[in-house]
Amino acid sequence: MNFDPKTSHRFAVVMWHGYLRPAWPLWLVLAVCIGLAFGGTPVRLDLRYDRLAVAAGQWWRLFTGNYVHLGWTHVLLDAAGLVLLWLLCGDRLGGWRWILATIAGSWAIGLGLWWAWPQTVWYVGISGVAHTYWAAGALLLIVARRWEGGALLVFLGGKLAWEQARGAGLPSSVALMHEPVLVTAHLIGAIAGVVVGMGFILFDYYRGQRGASPRPL
């Protein structure tokens, strides 16, 4: 089998422009999570959501707690989930929409835990924000008349119902991490995703209305 440099170059160009470059928001979030993971326990303790530290004035922990993890198993498990969600709905929730969903989900989880769940002492992980992507992406796919949107929404609803009823994460997640899963963060993240998704849908609708041609009298 002969090596064809031109074919390889075309393949690389297609991969870069068609798949890798458009996924820059995903790479950005993954880079932050993986980069912080190299800091180990000291970085995790300095940035995790910690109720006592927040009460002492370290308000940034409401946001940064979403980007530190318990260890490499935790961060790689969450990273795999983000990649899967991007493959499913990145074409509808890509670009700056992914970034806006990231920011909205992160603050919603931190503030939600602070105001509504005072019993939560500490929290780490981006799985809650992943549920923001999940819910928002599903709604955008439904509006686009893609069958994946309905499937994602049904699966999300079933997962949240199971977690809230059991008060624990999926057995596979617990077995891999050997730590309890804060399912409250998943619920808050999903609620934030519904709000974010509806905001994007309304934005698209009104932008389409302004751009539509006027009807003849």
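Helices α6 and α8 pack with their axes 10 Å apart, at an angle of about 10°. That angle makes the two helices, α6 and α8, roughly parallel. The model behind these values is a predicted one. On the α6 side, the residues in the contact are D78, L82, L85, L88 and C89, and they meet S127, A130, Y133, W134, G137 and L141 of α8. Sorted by character, the residues of this α6–α8 contact come out as eight nonpolar, two polar and one charged.

Some of these residues turn up again in the core. The largest nonpolar core holds 43 residues, and V29, L82, L93, W98, I109, I126 and Y133 are the ones with the most contacts inside it. Two or more core residues come from each of α2 (24-37), α6 (72-89), α7 (96-116), α8 (127-143), α9 (147-166) and α11 (183-211). Of these, α8 hands over the largest share, at 10 residues. As a rule, nonpolar side chains in soluble globular proteins tend to be buried together. W98 gives a good view of how the pieces meet: leaving aside residues up to four places away in sequence, W98 touches P25, L26, V29, L82, W86, L93 and Y133.

Stepping back to the whole chain, the secondary structure amounts to 11 helices and two strands. Along the sequence, these elements run α-α-α-β-α-α-α-α-β-α-α-α-α. The chain has 217 residues, and 40% of them are buried. Taking contacts between residues at least 6 apart in sequence, 74% link residues at least 24 apart. About 12500 Å² of the chain is exposed, with carbon and sulfur atoms supplying 70% of that area.

The strands and their surroundings offer a few more spots to look at. D50 sits in strand β1 (residues 49-50). With a relative accessible area of 13%, below the 20% cut-off, D50 counts as buried. Beyond residues up to four places away in sequence, D50 touches R61, V121 and W122. P118, for its part, is in the loop between α7 and β2 (122-123), and a relative accessible area of 45% leaves P118 partly exposed. Although P118 and R51 are 67 residues apart in sequence, their C-alpha atoms are 7.9 Å apart in space. R51 is also one of two contacts listed for P118, the other being L113, again not counting residues up to four places away in sequence.

On the other side of β2 in sequence, G125 is found in the loop between β2 and α8. Relative accessibility here is 0%, so G125 is buried. Not counting residues up to four places away in sequence, G125 touches G65, N66, V68, H69, H74 and D78. D78 also belongs to the α6 residues that meet α8. The C-alpha atoms of G125 and V181 are separated by 9.6 Å, with the two residues 56 apart along the chain.

The loop between α8 and α9 is where R145 lies. Most residues other than glycine have a negative phi. R145 is not a glycine, yet its phi is positive, at about 60°. Unlike G125, which is buried at 0%, R145 counts as exposed, with 81% relative accessibility.

Technical notes: Residues numbered from 1 in each chain as written. Predicted model: local features only at pLDDT ≥ 70, side-chain atom pairs only at ≥ 80, totals over all residues. Heavy atoms only, no water. Core = buried A, V, L, I, M, F, W, Y, C linked by side-chain atoms within 4.5 Å. Buried < 20%, exposed > 50% of the residue type's maximum accessible area, 1.4 Å probe, protein only. Helix = DSSP H or I, 4+ residues; strand = E, 2+ residues; numbered from the N terminus. Contact = heavy atoms within 4.5 Å. Axes fitted to C-alpha atoms, helices over the stretch in contact; angles between N-to-C directions. Parallel < 35°, antiparallel > 145°, perpendicular 65-115°, else oblique. Nonpolar A, V, L, I, M, F, W, Y, C, P; charged D, E, K, R; others polar. Areas by Shrake-Rupley, 256 points an atom, 1.4 Å probe, with all protein chains shown as cover.
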